[in-house]
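Here's a quick briefing to read with the model open beside you. Start with the structure itself, then work through the notes by topic.

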Amino acid sequence: MAFTLYSLLQASLLIVNAVAVLHEERFLRHVGWGSDQGIGGFGEEPGIKAQLTNLIRSIRTVMRGKGTIFSVIIIIMILMMS
């Protein structure tokens with residue numbers, strides 16, 4: 001299997017889908033990455049844990065509908081190629 005732009009797009013879509021389906025109460029809170037974890041004070045730089053939690057929450061918000069559309073397009077392209 002060759003490393004192409006299409007395979008990179010497909011791999012990134014799979015990773016984004018994996019992040020988008022993480023459930024905060026069922027999974028993230030059990031490993032200590034809930035929304036109430038890592039809240040800093042005023043003027044403090046957020047830590048890496050808080051930044052990753054915000055990134056996960058942002059991906060879940062933005063890709064909820066768009067991720068489904070992109071996934072369907074990729075699946076159709078895979079079916080047409082094989």
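In this predicted model, look at helix H3: Ala-50, Thr-53, Ile-56, Ile-59, Arg-60, Met-63, Gly-67, Ser-71 and Ile-74 are its buried residues. Those residues pack against two other helices, H1 (5–20) and H2 (24–28). If you're wondering about the spacing of such a list, an α-helix has 3.6 residues a turn, so residues three or four places apart point the same way.

**Overall layout**
- The chain comes to 3 helices and 0 strands, and its pattern along the sequence reads α-α-α.
- There are 82 residues in the chain, and buried ones make up 20% of them.
- Take the contacts in the chain with a separation of 6 or more: 62% of them come from residues 24 or more positions apart.
- About 6,400 Å² of the chain is exposed, with carbon and sulfur atoms supplying 70% of that area.

**H3 and its bend**
- H3 runs over residues 48–81, which makes 34 residues.
- Its end C-alpha atoms are only 41 Å apart, whereas a straight helix would reach 50 Å at 1.5 Å a residue.
- Where does H3 bend? Check Met-63, where the helix turns by about 60°.
- Met-63 is also on the list of buried residues in H3.

**The annotated segment**
- According to the UniProt record, an unreviewed entry, residues 62–81 carry the annotation "transmembrane region".
- Over those residues, 62–81, the model is 100% helix and 0% strand.
- From one end of that segment to the other, the C-alpha atoms are 29 Å apart.

**H1, by contrast of topic**
- H1 has 16 residues and spans 22 Å from its first C-alpha to its last, close to the 22 Å expected at 1.5 Å a residue.
- Ser-7, Leu-13 and Val-19 are the buried residues here, and the buried residues of H1 pack against H3.

**The nonpolar core**
- Which residues make up the largest nonpolar core? You'll find Val-19, Leu-28, Ile-56, Ile-59 and Met-63 there, 5 residues in all.
- H3 gives the most to this core, putting in 3 residues.
- Met-63 therefore turns up twice, as a member of this core and as the site of the bend in H3, and it counts as buried because its relative accessible area is under 20%.

**Two spots to click on**
- Ser-71 sits in helix H3. Is it buried or exposed? Its relative accessibility is 15%, so Ser-71 counts as buried.
- Setting aside neighbours within four places in sequence, Ser-71 is in contact with Leu-13 and Asn-17. Leu-13 is itself one of the buried residues of H1.
- Gly-32 belongs to the loop between H2 and H3. With a relative accessible area of 16%, Gly-32 is buried, because the cut-off is under 20%.
- Gly-32 and Lys-49 are 17 residues apart along the chain, and their C-alpha atoms are separated by 9.5 Å.

Key
Residues are numbered from 1 along each chain as its sequence is written. This is a predicted model: local features need pLDDT of at least 70, side-chain atom pairs count only at pLDDT 80 or more; totals for chains, interfaces and linings use all residues. Side-chain values use heavy atoms; hydrogens and water are left out. UniProt positions are given in the numbering used here, feature names are shortened, and annotations may be inferred rather than shown by experiment. Helices (H or I, at least four residues) and strands (E, at least two) are DSSP runs, numbered from the N terminus. The expected span of a helix is 1.5 Å times one less than its number of residues. The bend at a residue is the angle between axes fitted to the seven residues ending there and the seven starting there. Buried means under 20% relative accessible area, exposed over 50%, partly exposed in between (1.4 Å probe, protein chains only). Contact means heavy atoms within 4.5 Å. A nonpolar core is a set of buried Ala, Val, Leu, Ile, Met, Phe, Trp, Tyr and Cys residues joined through side-chain atoms within 4.5 Å. Accessible areas come from the Shrake-Rupley method with a 1.4 Å probe; for residues, only the protein chains shown count as cover.
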